[in-house]
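Colleague: I've got the model open and some questions about charges, strands and surface. Can we go through them together?

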Amino acid sequence: MTDTDATTPGFRALPHRPGKIIAIHLSYRSRAAQRGRIPAAPSYFFKPSSSVGVSGGTVERPAGTELLAFEGEIALVIGTPARRVGQDDAWGHVAFVTAANDLGLYDLRANDKGSNVRSKGGDGFTPLGPDLIDARTVDPAGLRVRTWVNGRLAQDDGSDALLFPLTQLVADLSQHFTLEDGDVILTGTPAGSSVIVPGDVVEVEVDSPTTGATSGRLVTTVTQGDVGFDATLGSLPAVDDAQREEAWGSREAAGLPAAAGPASFLTPALREKLLAAPVAGLSQQLRKRGLDNVTIDGLTPLHPDRKLVGTARTLRFVPNREDLFAAHGGGYNAQKRVFDAVGEGEVVVIEARGEHGSGTLGDVLAIRARARGAAGIVTDGGVRDVAAVAAVGLPVYTVGGHPAVLGRKHVPWEGDVTVACGGTTVQPGDVIVGDADGVIVIPPSLVAEVVDAALAQEDEDAWIAARVAEGNPVDGLFPMNARWRARFEAERGPRA
């Protein structure tokens with residue numbers, strides 16, 4: 001370490017200038033759910049040490065660009081060289097933990113093709129600090145990262161929600177090259193990352209809720225640059241709606257029209273058929289096809305007279321544990337993300353393990369679902385403010401009302417995954433149909449066949465009921481024998 005390194009403002013928070021900064025592309029479950037892809041293994045990119053900045057500094061958005069985005073992250077600082085270390089020994093090679101903001105310019109991302117050399121390598125694009133947490137004093141699975149933009153909490157997640165534990169990242173990288181003293185590993189960002197503009201102030205803090213250790217708040221202010229890029233030297237910034245959606249975090253946040261979602265296969269004609277078909281009839285047809293375990297049991301509709309038809313958008317709660325709720329329950333948690341993302345014609349299906357000792361939603365989230373065009377809500381947990389939720393007008397199925405808030409019994413854990421609701425398995429995109437009899441789940445591949453068969457059976461049952469009302473005995477008529485079947489076919493006439 002030189003005196004220059006020690007006094008250079010960019011490295012005040014570090015022991016010395018890092019030889020390498022290694023960042024991971026996608027690592028949090030919440031971010032993976034937001035992006036709609038879950039990597040099987042971690043993948044990485046390098047950032048130059050000249051990108052390091054400090055708390056209280058600025059970051060410039062270059063002229064001619066629009067999509068500068070923040071990413072609050074947990075940064076690891078290597079203390080002793082690590083080469084081919086196991087996961088059990090990996091944490092011993094980490095000296096410090098601190099806060100990082102892995103800033104990126106989406107305008108330059110497409111031509112980087114995943115390397116992020118230009119999009120994330122700009123001067124000041126890796127502010128770190130302000131303080132270092134001794135890694136020996138904290139649990140690598142018990143860290144938390146939070147980000148505020150202009151004082152508003154935008155990210156709040158914990159290292160226990162990583163797809164790949166921090167120790168795995170250290171061990172994995174060490175099997176490819178030597179991690180040296182002072183190297184920095186950026187461990188990924190949770191959901192909530194979005195675009196920032198000149199004048200915005202971003203604050204990132206990493207802490208250990210159980211010990212109270214904290215990095216302090218890493219503060220960065222965005223400024224507008226007046227120098228652009230020279231087209232004679234390389235590719236210019238370019239954006240499209242796909243980049244805007246990923247930079248902002250959603251099409252809605254980017255001001256883009258809603259994209260066709262998983263409900264798009266439910267054509268208006270097919271939806272009308274499902275609205276006409278009783279759940280009991282659909283259940284009968286699924287049973288004939290070998291599917292018995294497709295009813296979501298134990299629920300009561302808030303509006304028994306209203307039919308529910310839509311595709312599933314899933315949300316999973318786990319039993320409350322105070323430390324996990326501290327890491328996952330606040331901020332822009334999984335519950336809020338699902339209700340913010342539910343699309344037109346979708347049904348929010350909540351796994352609450354049949355626990356009725358607290359609410360799983362209230363009127364604010366019901367209003368949000370209605371505003372998003374959701375078809376309804378199904379939860380095998382309780383509902384707070386039942387009268388207010390019912391007044392919203394959405395079809396809602398629940399085990400009943402309960403005045404307690406979510407945190408009494410649940411931690412909002414993840415969305416857009418396979419869930420268990422009311423004793424049956426529900427996958428994102430499954431067709432959900434509900435009426436006064438209950439709620440049923442139909443695999444998308446069977447829905448057209450099943451609804452046509454159910455409506456045909458409904459016509460047949462109506463004809464039989466009319467004959468019974470005329471005084472005919474049930475025997476031989478229900479089900480129909482050959483004589484009655486022939487009369488039915490004759491009276492019904494040729495099929496369309």
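Modeller: Sure, one definition to begin with: a salt bridge is a side-chain nitrogen of Lys or Arg within 4 Å of a carboxyl oxygen of Asp or Glu. This is a predicted model, so local features need pLDDT of at least 70 and side-chain atom pairs count only at pLDDT 80 or more, while totals for chains, interfaces and linings use all residues. Residues are numbered from 1 along each chain as its sequence is written, and side-chain values use heavy atoms, with hydrogens and water left out.

Colleague: Which residue forms a salt bridge with Glu252?

Modeller: Glu252 sits in the loop between α6 (241–248) and α7 (268–276), and its partner is 120 residues apart, in the loop between α11 (363–371) and β20 (376–379). Helices (H or I, at least four residues) and strands (E, at least two) are DSSP runs, numbered from the N terminus. The closest N and O atoms are 3.2 Å apart, and the partner is Arg372.

Colleague: Does Arg372 count as buried or partly exposed, and at what relative accessibility?

Modeller: Buried means under 20% relative accessible area, exposed over 50%, and partly exposed in between (1.4 Å probe, protein chains only). Glu252 counts as partly exposed because its value is 42%. Arg372 also falls in the partly exposed class, at 24%.

Colleague: How far apart are the closest N and O atoms of Lys20 and Glu180?

Modeller: This pair links distant parts of the chain, with Lys20 in the loop between α1 (3–7) and β1 (21–24) and Glu180 in the loop between α5 (166–174) and β13 (184–186). Lys20 counts as buried because its relative accessibility is 16%, whereas Glu180 is partly exposed at 41%. They form a salt bridge, and the N to O distance is 3.3 Å.

Colleague: Which residue meets Arg313 in a salt bridge?

Modeller: Arg313 lies in strand β18 (residues 308–319) and the partner in strand β19 (residues 346–351), so the pair ties together parts that are 33 residues apart in sequence. Arg313 is buried at 17% relative accessibility, and the partner is buried at 2%. With 3.2 Å from N to O, the partner is Glu346.

Colleague: What is the bridge partner of Arg144 in β14?

Modeller: Strand β11 (residues 144–149) runs antiparallel to β14 (residues 201–207), and six bridges join them. Two strands pair if DSSP finds at least two bridges between them. Arg144 also belongs to a salt-bridge network with Arg146, Glu203, Glu205, Asp207 and Arg217. Its bridge partner in β14 is Asp207.

Colleague: Which strands stand at the edges of that open sheet?

Modeller: The sheet has five strands with mixed pairing, in the order β4-β15-β14-β11-β12. Each edge strand has a single partner strand, so one side of each is left without a neighbour in the sheet; the two are β4 (57–61) and β12 (152–158).

Colleague: Which residues form the nonpolar patch on the surface?

Modeller: Patches are made of residues with over 30% relative accessible area and no salt bridge, with like charges joined within 9 Å and nonpolar side chains (Val, Leu, Ile, Met, Phe, Trp, Tyr) within 5 Å. One member, Phe478, lies in the loop between α13 (447–469) and α14 (482–492) and counts as exposed at 52% relative accessibility. Together the members have about 260 Å² of accessible area (Shrake-Rupley method, 1.4 Å probe, only the protein chains shown counting as cover). They are Val468, Val474 and Phe478.
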